[in-house]
Each structure stands twice: as C-alpha cells, then as structure tokens.
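Me: I should like to learn how to read the features of a protein model. Please take me through the structure shown here.

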Amino acid sequence: MRMNLIVTGGAGFIGSHFVLRHVDQYPNDTVVVLDKLTYAADKTFLDPVADSITFIEGDIADQALVTDIVEKHAIDVIVNFAAESHVDNSINDATPFLHTNVIGTQALIEVVKAHPNVRLFHISTDEVYGDIGDDDPSCNVGDALHPSSPYSASKAAAEMLVLAAIRTFGIQAVITRCTNNYGPHQADEKFIPTIIRKALADEPIPVYGTGKNKRDWIYVGDHCDAIETILTVDWKTDQRLIFNIGIDREFENLEVAKMVLDLLGKPHELITFVEDRKGHDWRYAVDSSETRTLGWAPKKEFEDGLKETIEWYRHRMKVQRSRICDV
Ligand code: NAD
C-alpha cells in the first residue's frame, strides 16, 4: 500500500540509508525528510534521490512545523531517526540530547496524538538495556532498562514517553532497539569510521580500555530492512510494541580494529590503548527472534560490509583531500 512518510534525521547515517533504499523500493511513496542538519548530517547523501523527496531543514521539537508537514503531505507514518547519538558527546554535555531525544520525541507524540491516523515509528537502541556480562543471556523486550550513559538514558526516557502515550492516548506507535550499526555515511567520530580513517592515514588508532568490550555489529542496510519489515505489520491488531534487532555475532572492539587493519594491510602496532570511556558498557546482546518471525533476517557478512565501508571512507577521504588542494 502507498504511504506518505516523514523521515526525521534522514540526512544522518542510518536515516539516509533508509531514505535511499525506501525511495528505490517504493517509488510511489511520498517521502519528506525533516533534519536539523547538525554536525552528524550530510545532505549530499540524499543527492541521488533529491528529485524524489521533499527535504525540510528543521527541528523535530518544532511541533508547529511537524504539524504543518503532517497536514500538508497527508502523512501516514513518522519514522523517527533524529537524535543526538554519540555517547562521548553526551558525557561532555547532555543538554542537546535532552532537547532532541526527549523533548523532540515528545513533540512528535503531541503531533500523532492530534492526528490519530498517523503512526509513530520510534528508532531506539539496545543501549537502553545497559550492559551485560559475558555469560548473561541476550536482552528481551520485557527486560528492565538500565541505561548507563546520558545518551542511552535520554533514549530510554523517549521510549517511556512513547509507551505512556500508547497506553494513555492510544497512539499508534512501535519502538525498535537495534544493536551497533556500521556502514558508509557514519559520522567520522564513531568507532569504525575512526579506525578506518586513522588506519588509512597511518595514524595511531585509539581503542578504549582493554579493547575487550563486545558489540553485535549490524550492517546498516540490514537494520533498514528490519524497519521496512516492521512497517508492514498492522499495528492496530498486532500487540507487539517493541522489537529488538540484532544479528547474534559479537566481536570485541580489539578484534574489529585488527580486522580493519588486516583488510588494509596495515600493522596491528597502530592500535593504541587509551583511557577507558567513563561508564563504558561492557557488552550488549539482544534477542531478536520476534523480529525474525516477521520474515526478516540479516544478509550482510561482516567482512563484506567492512570492505564496502572501508572503500567508502577511502573515496570520501580522497575527495576531501582534493577539495583542500583546490582551495
Ligand atoms: P546520526 O547522529 O548519524 O544522525 C542523526 C540525524 O538526526 C542527523 O542527520 C542530525 O542532523 C539529525 N538531528 C539531530 N537533532 C535533530 C533535531 N532536533 N531535529 C531534526 N533532526 C535532528 O545518528 P544515527 O547513527 O543515524 O542514528 C539514528 C537513530 O538510530 C538514532 O535515534 C539512534 O539512537 C539510533 N540507533 C543508532 C545506532 C548506531 O549504531 N548508529 C544503533 C541503534 C540505534
């Protein structure tokens, strides 16, 4: 069925992949991207579909603006990727995280409250569970939330507001909690882009603490596929409100750094251990069997996804260097 969507944060990492794939798969849908264009955004990611979407620069916390878009474009669903997303930044200053992740989400809730036919697809994170030990079972959607960082606390707060609005006002909404994403378009500051960029420049690669922290890395396209699958569920009859998305293939951070170096033919000696992140989560793992019952399954092998990601950053760095030379 045709849909009219607002994709918030659509000029960021995951949001841009979602938009590019959605326009390709569903060319008859109306896609409006609402993005504040923070440092993490790059509008040029959307260039290939610029003629097929409407791009609006703005803040999700601007309720009047979101209302206007919903009414003007007869929106059916808001897919909310917009967020401040970097844990280290949240440790330095949590204020922007509260603005976008909490106040911004509440503004979207207010809009769907006033427009009961509009569905809210809220993208959350596995980080809301907090960390688990090496031998602990994977987290389930019914588990208690123990966020560790200001970032994950703000995401947990947003989820609570969405769940409260479902219960109190009967809004149509779902929440997804995905594991760490990797792939092209991710902001330079994040872990895998940092390793790749430093390795390509033969610079020391900073790895927090012992490097033994584990993450379940999902290719960004596989995450987007899961979102598309959940979008097809009839939320009015389906009582499931929260879906975990993960691929059950954990790697230690140190292993990931070594894999990137091996793929680039660079020495492991570039790895430099640095003081651990404050409150650094040890391990995340989610049970995504429920999402798999919908027919979704991840497709990308980690090494293939890493190779693709490396090539993307290599090309991007080359373009950036040539721009500097042109000045
Ligand atoms: P990102 O930081 O790359 O992109 C966020 C986008 O949101 C940017 O384009 C930014 O300009 C925009 N934005 C920020 N504040 C805004 C505001 N007030 N109004 C409108 N737009 C605003 O983030 P990402 O990695 O693409 O993550 C997208 C979503 O997925 C986030 O909600 C994040 O919590 C969640 N998530 C991310 C990961 C991951 O590994 N990256 C994993 C699980 C869940």
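Reply: The turns below go from the whole chain to a helix pair and then to two loop residues. Please keep in mind that this is a predicted model.

Me: How many helices and strands does the protein chain have?

Reply: The protein chain has ten helices and 13 strands.

Me: What radius of gyration does the protein chain have, and what would a compact globule have?

Reply: The general idea is to set the value against the one expected for the chain length. With 327 residues, a compact globule would have a radius of gyration near 20 Å, and the 19 Å of the protein chain therefore agrees with that. Along the principal axes, the C-alpha atoms fill a box of roughly 55 × 50 × 40 Å.

Me: What share of the residues is buried, and what share of the contacts joins residues at least 24 apart?

Reply: Of the 327 residues in the protein chain, 53% are buried. Contacts between residues at least 6 apart in sequence were considered for the second value, and 80% of these join residues at least 24 apart.

Me: How is a helix pair read, for instance where do the axes of α1 and α7 come, and at what angle do they cross?

Reply: One reads the distance between the axes, then the angle, then the handedness. The axes of α1 (residues 13-25) and α7 (residues 220-231) come within 9 Å and cross at roughly 60 degrees. Angles from 65 to 115 degrees count as roughly perpendicular and those under 35 as roughly parallel, so α1 and α7 are oblique to each other. Their crossing is right-handed.

Me: Which residues of α1 and α7 meet?

Reply: On the α1 side, F13, I14, H17, F18, R21, H22 and Q25 take part, and they meet V220, G221, H223, C224, D225, I227, E228 and L231 of α7. By class, this contact has seven nonpolar, five polar and three charged residues.

Me: Is H86 buried or exposed?

Reply: Relative accessibility is compared with a cut-off, and under 20% means buried. H86 has 7% and therefore counts as buried. This residue is found in the loop between β4 (77-80) and α3 (87-92). Leaving aside residues up to four places away in sequence, H86 touches Y39, F97, E189, K190 and R277.

Me: Is G170 buried or exposed?

Reply: The cut-off for exposed is over 50%. G170 has a relative accessible area of 52%, so G170 is exposed. G170 lies in the loop between α5 (150-169) and β6 (173-178). Its C-alpha atom is separated by 10.0 Å from that of V112, and the two residues are 58 residues apart along the chain.

Terms used:
Residues are numbered from 1 along each chain as its sequence is written. This is a predicted model: local features need pLDDT of at least 70, side-chain atom pairs count only at pLDDT 80 or more; totals for chains, interfaces and linings use all residues. Side-chain values use heavy atoms; hydrogens and water are left out. Axes are lines fitted to C-alpha atoms, for helices over the stretch in contact, and angles run from 0 to 180 degrees between N-to-C directions. Helices (H or I, at least four residues) and strands (E, at least two) are DSSP runs, numbered from the N terminus. Angles under 35 degrees count as roughly parallel, over 145 as roughly antiparallel, 65 to 115 as roughly perpendicular and the rest as oblique. A crossing is left-handed if the near helix is turned anticlockwise from the far one by less than a right angle, and right-handed if clockwise. Contact means heavy atoms within 4.5 Å. Ala, Val, Leu, Ile, Met, Phe, Trp, Tyr, Cys and Pro count as nonpolar, Asp, Glu, Lys and Arg as charged, and the others, Gly among them, as polar. Buried means under 20% relative accessible area, exposed over 50%, partly exposed in between (1.4 Å probe, protein chains only). The radius of gyration is taken over C-alpha atoms; the globule rule is 2.2 Å times the number of residues to the power 0.38.
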